[in-house]
Amino acid sequence: MTNLLNDIPRNLQFYITTPYSCSYLPDRLARSQVATPSHLITSNVYSNLVQLGFRRSGIYTYRPQCDRCHACVPVRIVTEELNPSRSQRRSLRRHAHLRAYMRELDFQEEHYDLYRRYQSARHPGGGMDQDNIEQYCQFLLQSSIDTKLVEFCDANTVRIVSIIDEVEDGLSSVYTFYDPSVTGASYGTYNILWQAMLCREMGLPYLYLGYWIHESNKMNYKMNFQPLEGFVNGAWQRLTPELTTAMDFTSI
């Protein structure tokens, strides 16, 4: 950890936000630690911050810093050891016909329409289902680091769009949205497995998945991808059943 901190510019500042309503645990208030100014966060700097549990939303790089709550655990898949379950292997076979295309990080009306349909179907009332074009672009299409936009197509129809950051020791999955109308599809599972396999092809050991939250159904699915490591007590550790059982999410 000391070496990582030494590689962060001395004039990079960190501040704690005022409390706001938690998006995942509605009975709690959240705070974030934000790194600023954003123009100092180059790809190398961001790589170090990701290894310290940060991630980004648009130009904002942050990590949870809540009062008396440590439910958000940064997690990453150990890609070389990933062992897909039977249902995950079915997902790979079911969606093997999809074709992935690397696109420029710019606005496409078709992507925005898919994003709105995804938010309305999967996260109604969460606020993001009302995002206008400007909010969508600020969230997903602003980046000062090495970012990929990947489009997954079924023939000529876009089914999945993923925003992925490349860092020194892996890929960081920023956000994925997909067509919610296809019956029987498991696009979310397929996409994480695809990103993990891309890491392998690139010789990268980790796929960073953001935060695992034990008490949130929206975030607990990440435990389905094994082996998984979590940034716990200042170090990356394998999230074994023994460790997760022993973790105190209010006082870590």
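This is a tour of a predicted model, stop by stop, with selections to make in the viewer.

**Stop 1: the second largest pocket**

Select Pro 64, His 70, Cys 72, Pro 74 and Phe 231. The second largest pocket has a volume of about 420 Å³. Of the 20 residues that line it, these five are the closest to its centre.

Now colour three strands: S6 (60-64), S7 (72-78) and S13 (228-232). Each gives the lining at least two residues. S7 supplies the largest share, 3 residues. Colour the lining by class next. The count is 14 nonpolar, 5 polar and 1 charged.

**Stop 2: the loop between S6 and S7**

Select Arg 68. Its place is in the loop between S6 and S7. Check the backbone: phi is positive, about 60°, although Arg 68 is not a glycine. Most residues other than glycine have a negative phi. Is Arg 68 buried or exposed? Arg 68 has a relative accessible area of 71%, so it counts as exposed, the cut-off being over 50%.

**Stop 3: the cysteines**

Show every cysteine sulfur. How many disulfides does a search of the whole structure find? The result is 0. Start with Cys 66, which is in no disulfide. The nearest cysteine sulfur belongs to Cys 69, 5.4 Å away. A disulfide needs the two sulfur atoms within 2.5 Å, so this pair does not qualify. Cys 66 counts as buried, at 17% relative accessibility.

Move to Cys 153. This residue is in no disulfide either. From its sulfur to the nearest other cysteine sulfur, that of Cys 137, the distance is 19 Å. Cys 153 is buried, with a relative accessible area of 7%.

**Stop 4: the nonpolar cores**

Select Ile 77, Leu 140, Tyr 175, Phe 177, Leu 207 and Leu 239. The largest nonpolar core has 46 residues, and these six touch the most other members. Add helix H6 (residues 187-202). H6 provides the largest share of this core, 8 residues.

Centre on Tyr 175 and show its surroundings. Leaving aside neighbours within four places in sequence, Tyr 175 is in contact with several residues, among them Tyr 115, Tyr 118, His 123, Phe 139 and Leu 140. Its contacts also include Gln 119, Met 128, Val 161, Ser 162 and Ile 163.

Then select Ile 8, Ile 41, Tyr 46 and Phe 54. They are among the 18 residues of another core, which lies apart from the largest one.

**Stop 5: the loop between S4 and H2**

Select Thr 36 and Pro 37. A cis peptide bond joins them, with omega about 0°. Most peptide bonds are trans. Pro 37 lies in the loop between S4 and H2.

Stay in this loop, between strand S4 (32-36) and helix H2 (43-50), and select Thr 42. At 38% relative accessibility, Thr 42 counts as partly exposed. Draw a distance from its C-alpha to that of Thr 157. The two are 34 Å apart in space and 115 residues apart in sequence.

**Stop 6: either side of S13**

Select Gln 226 and Pro 227. Here too a cis peptide bond joins the pair, with omega about 0°. Pro 227 lies in the loop between helix H7 (217-220) and S13.

Finish on Asn 233. This residue is found in the loop between S13 and strand S14 (235-238). Its phi is positive, about 55°, although Asn 233 is not a glycine. Asn 233 is exposed, with a relative accessible area of 61%.

Note on methods
Residues are numbered from 1 along each chain as its sequence is written. This is a predicted model: local features need pLDDT of at least 70, side-chain atom pairs count only at pLDDT 80 or more; totals for chains, interfaces and linings use all residues. Side-chain values use heavy atoms; hydrogens and water are left out. On a 1 Å grid over the protein atoms alone, a cavity is a set of points where a 1.4 Å probe fits but cannot get out, and a pocket is an open set with protein on both sides within 12 Å along at least five of seven lines; lining residues have an atom within 4 Å of a point. Grid points are joined across faces, edges and corners, and a volume is the space filled by probe spheres set on the points. Helices (H or I, at least four residues) and strands (E, at least two) are DSSP runs, numbered from the N terminus. Ala, Val, Leu, Ile, Met, Phe, Trp, Tyr, Cys and Pro count as nonpolar, Asp, Glu, Lys and Arg as charged, and the others, Gly among them, as polar. Buried means under 20% relative accessible area, exposed over 50%, partly exposed in between (1.4 Å probe, protein chains only). A nonpolar core is a set of buried Ala, Val, Leu, Ile, Met, Phe, Trp, Tyr and Cys residues joined through side-chain atoms within 4.5 Å. Contact means heavy atoms within 4.5 Å.
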